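Here are some notes to read with the model open beside you. They go region by region, so feel free to jump around.

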Amino acid sequence: MKKKSNTSASKPKIIPEPCTDVRTGMDVESMKQAITEHLFYRQGRNIVNTSINDMYMAVSFTIHDRLQQREHRTMNAVFEDKVRLVSYLSAEFLMGPQLGANLIALNVFDTMKQAVEELGFNFDEIIAQEEEPGLGNGGLGRLAACYIDSLATQQIPAIAYGIRYEFGIFDQDIRDGWQVEKTDKWLRKGNPWESERHELAVNVKFGGYTESYTNSEGRKCFRWKPDYMVKGIPYDTPIMGYNVPSCNFLRLWKSEAEESFDFSSFNQGEYYRAVDNKVKSENISKVLYPNDEMLEGKKLRLKQQYFFVSCSLQDMMNMHLRFENKPQDFHKRWAIQLNDTHPSVSIAELMRILVDEYNIDWDTAWDTTCKTFSYTNHTLLPEALEKWSAGLFAYLMPRVLEIIYEINYHFLKEVSKHFPGDEGKLSRMSIIDESGEKYIRMANLACAGSCTINGVAALHTELLKQQVLPDWVEMFPQRVINVTNGVTPRRFVVLSNPGLSKLISDSIGNKWPGQLDELRKLEPFADDASFRDQFSKVKLENKKHLAGLIKERTGIIVNPASMFDIQVKRIHEYKRQHLNVLNIITQYLRIKQNPNLDIAPRTFIFGGKAAPGYYTAKLIIKLINSVGNMVNTDPDVKDRLKVVFFPDFNVTNAQPIYPAADLSEQISTAGKEASGTGNMKFSMNGALTIGTLDGANVEIREEVGNDNFFLFGLTAAQVDEAKHSGYNPHFIYEHNSTLREAINMINSGYFSKGDSDLFKPITDNLLWHDPYMLMADYSLYIDCQDLISNTWKDTADWNRKAILNVARMGKFSSDRSIHDYCENIWKVKPFKIKGL
């Protein structure tokens, strides 16, 4: 146990004395009293002999008390006033550590720091103790977390729903350059932020069959007779708004067996069978995104999706009816946002609930459903638009499949009215793909049952209209709109970059974390030499901090004075980490050919996880590490280049990385990235961007100015044109000697200890297919990198550009995104409750 000596602090008492404000007080003494009471009464510890983790739990329980007080007041006021709530359905919530963010939201960060230190503990160690819940894969889950932060901050009543995965996304180790996945046991030490609500449990049906009957009104109805049911147990986490009294919550569902132990089987010696239901049921919420290459994996993944949306809709309906509302008025209480296609089966499930359980006629139920749902599309990649086998649906959810068929029947009748005789449109817009084995197109289901469909960046939305949903736009011209993504500045600047936050607040005041447009007031400071100097010092301190972490995690020593050139994101071919590697090899070759070359020192930092079954992505990680091993140890380089792969990229590790970046690599193939949010986080922290006209890069460049963004590469239209006119990457290889030399160096085995076959899958794909146009963009990328190196040499100009990036990022707050959703989709307004 590490404790910080503090001779000025009064000696802490082993047994707490009573304090009237112990649950709600916001001063130092109330915090100290609450911490010691939680330690003693809740955890069975005392302040004299406690661990860092015990202290972290007690501090978190103390803050949780204050959040729950605000959450209860918020929700009581909301339901008494009958306002419309937003329900955000997402299979992922990549929340990140909660303690620091909640301290900032409550404006008690310094207060708690003082309380902890007066109790004799190191505050930074307490903050670092928190286990991050890895309940998301990347941008989708992190966006959801930013949005629920902004919903609370904008005082929009909301409940977010997802799955309480026992094991989240894997922890990543790097061994011999390869990614190794380890189990993410985020719950092993307990979670102080959640409250189990067993009394609100609901049951979800699976399997079985359906039967018809005639109700008292003479209408034909259906009854689902399931094989078994799974119990959903809700766990609630408060979501505090920044500097406001509003507090929403995130409700995550854990799966349990309706009956967890079969005593009869046990008594007959069938010990495994006795717990079979328990294992089968609990598997549903066991792990984030099970491998679905095998049939059993597909079953589990579809069960996950249906389980969490059925639980959530039952829960919402229960809340709705508790206040004597009619089922058919469900849409007046709830606006449900589908975060991608994973929760889109909820459209059929709401129809099932309304029609089967409450005997609402079909047309009224469909009208209610369509007024309830909206759908966010996050991708243009065909493989990411989910399809499920109709046979699998029939096996797991037979009644839901019948509902989907009925939806499709009525919907195609409407399509026929709009486009008589157009069999092509009927086929493309059908929810059922009947080109071979029948499949359910989940994106089509979402589009058919939603009042609004939105893309997540201006370019993405236009490409969505042109390439993915042209038929839908023709039939529903007002249905598809754009809401550009955003990120929360509270976590990614205030918490992650306290030095920059203080500099900004000292210069323009402290309103900006909740009103990011205030950053525009920084623009005049870009020409202030004194401010640029302070800005540069803050950046250097952030780089020194990251350099220390790099040495600790990887053993690599980097120079904080070098340019930190960073690309951290999910590893995928379209994100083109291997284009970055080709640039590193090109720079390395230049040094080998001229060891005395005057080159701006640069540290290339990568981070990101590859999906366990995605071999090429894992091979790219190996390539990065192999090139790094050679470059970092070559005496000719003389520390002018360093290559680092920072392991286990997650929210916790992102927080020191974004503030330390000088250059942000946003180099995906134009037309492939829906939006991106890492690009926004880097720019908010004063990094300049090298990027293509892809996703939100387009809008970032418009905001920060063309001179403050390093643009390269083909446009989306040029990419399409090149592919349609017979793109030949091998021709480029043959006619570009610099590129040829880099590729040949990889193929020679130079970076793989003589194994010339190791990286052949990457280089062969580039030479003969190159679906993501690396070869076409290579020379433009190298030229742009050379321009960056020259610009870096003018420190004053570089810092001026960096400050202007920070100043012009107001548009990319998730607060603005949520405002757009409220105005254009959900039609809800802030609901302000009285402060405490």
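The numbered points below cover sheets, one buried residue, and then the empty spaces.

1. Before anything else: this is a predicted model. Please keep that in mind for every point that follows.

2. Start with the six-stranded sheet. The sheet is open, its pairing is parallel, and its strands come in the order E20-E19-E18-E21-E22-E23. Which strands stand at the edges? They are E20 (641–645) and E23 (710–711); each has a single partner strand, so one side of each has no neighbour in the sheet.

3. Now look at one pair inside that sheet. E18, residues 563–568, runs parallel to E19, residues 602–607, and six bridges connect the two. If you want a spot to click on, try Phe564, which sits opposite Thr603 of E19.

4. Helices pack on this sheet too. H22 (residues 529–554) lies across E18, E19 and E20, at about 60 degrees to E18. Helix H33 (residues 795–807) touches E18, E21 (663–666), E22 (688–691) and E23, and its direction is at about 85 degrees to that of E22.

5. Next, have a look at E11, residues 334–339. How many of its six residues are buried? The count is six of six, so to speak a strand that is mostly covered. In a regular strand, side chains alternate between the two faces of the sheet. Here Trp334, Ile336 and Leu338 point one way, while Ala335, Gln337 and Asn339 point the other way, and all are buried.

6. E11 has partners to trace as well. With E1 (residues 85–89) it pairs in the parallel sense over five bridges, and with E12 (residues 373–376) it pairs, again parallel, over four bridges. Leu338 is a handy residue for following this: its bridge partner in E1 is Leu89, and its bridge partner in E12 is Tyr375.

7. There is also a three-stranded sheet. This open sheet has antiparallel pairing and the order E13-E15-E14. E13 (387–389) and E14 (432–433) stand at its edges with a single partner strand each, so one side of each is left without a neighbour in the sheet. Two bridges join E14 to E15 (residues 439–441), and Ile432 has Ile440 of E15 as its bridge partner.

8. One residue deserves its own point: Asp236, in strand E9 (residues 228–240). Is Asp236 buried or exposed? Its relative accessibility is 3%, and the cut-off for buried is under 20%, so Asp236 counts as buried. Beyond its neighbours within four places in sequence, Asp236 is in contact with Trp193, Glu194, Ser195, Arg197, Phe249, Leu250 and Arg251. For a sense of scale, Asn736 is 500 residues away from Asp236 in sequence and 58 Å away in space, C-alpha to C-alpha.

9. On to the enclosed spaces. Rolling a probe the size of a water molecule over the atoms shows where empty space is left. Searching the whole structure turns up seven cavities of 30 Å³ or more. The largest cavity has a volume of about 240 Å³. Its lining has 19 residues, and Glu131, Pro133, Trp186, Asn191 and Trp193 lie nearest its centre. Helix H2 (52–81) and strand E10 (247–257) are the elements that give two or more residues to this lining. By class, the lining has nine nonpolar, six polar and four charged residues.

10. The second largest cavity holds about 180 Å³ of space. Of its 13 lining residues, Gln98, Ala101, Asn102, Asp149 and Arg491 are the closest to its centre. At least two residues each come from H3 (99–105), H6 (139–153), E9 and H20 (489–495). The lining divides into six nonpolar, three polar and four charged residues.

11. Last, a pocket. The second largest pocket has a volume of about 390 Å³. It is lined by 19 residues, with Leu385, Arg428, Arg441, Asn444 and Val468 closest to its centre. Helices H17 (442–448), H18 (458–468) and H19 (470–475) are the elements that give two or more residues to the lining. Which of the elements supplies the largest share? That is H17, with four residues. The lining counts 11 nonpolar, three polar and five charged residues.

How values were computed. Residues numbered from 1 in each chain as written. Predicted model: local features only at pLDDT ≥ 70, side-chain atom pairs only at ≥ 80, totals over all residues. Heavy atoms only, no water. Pairing = 2+ DSSP bridges. Contact = heavy atoms within 4.5 Å. Axes fitted to C-alpha atoms, helices over the stretch in contact; angles between N-to-C directions. 1 Å grid on protein atoms, 1.4 Å probe; cavity = no way out; pocket = protein on both sides within 12 Å on 5 of 7 lines; lining within 4 Å. Points joined across faces, edges and corners; volume = space filled by probe spheres on them. Nonpolar A, V, L, I, M, F, W, Y, C, P; charged D, E, K, R; others polar. Buried < 20%, exposed > 50% of the residue type's maximum accessible area, 1.4 Å probe, protein only.
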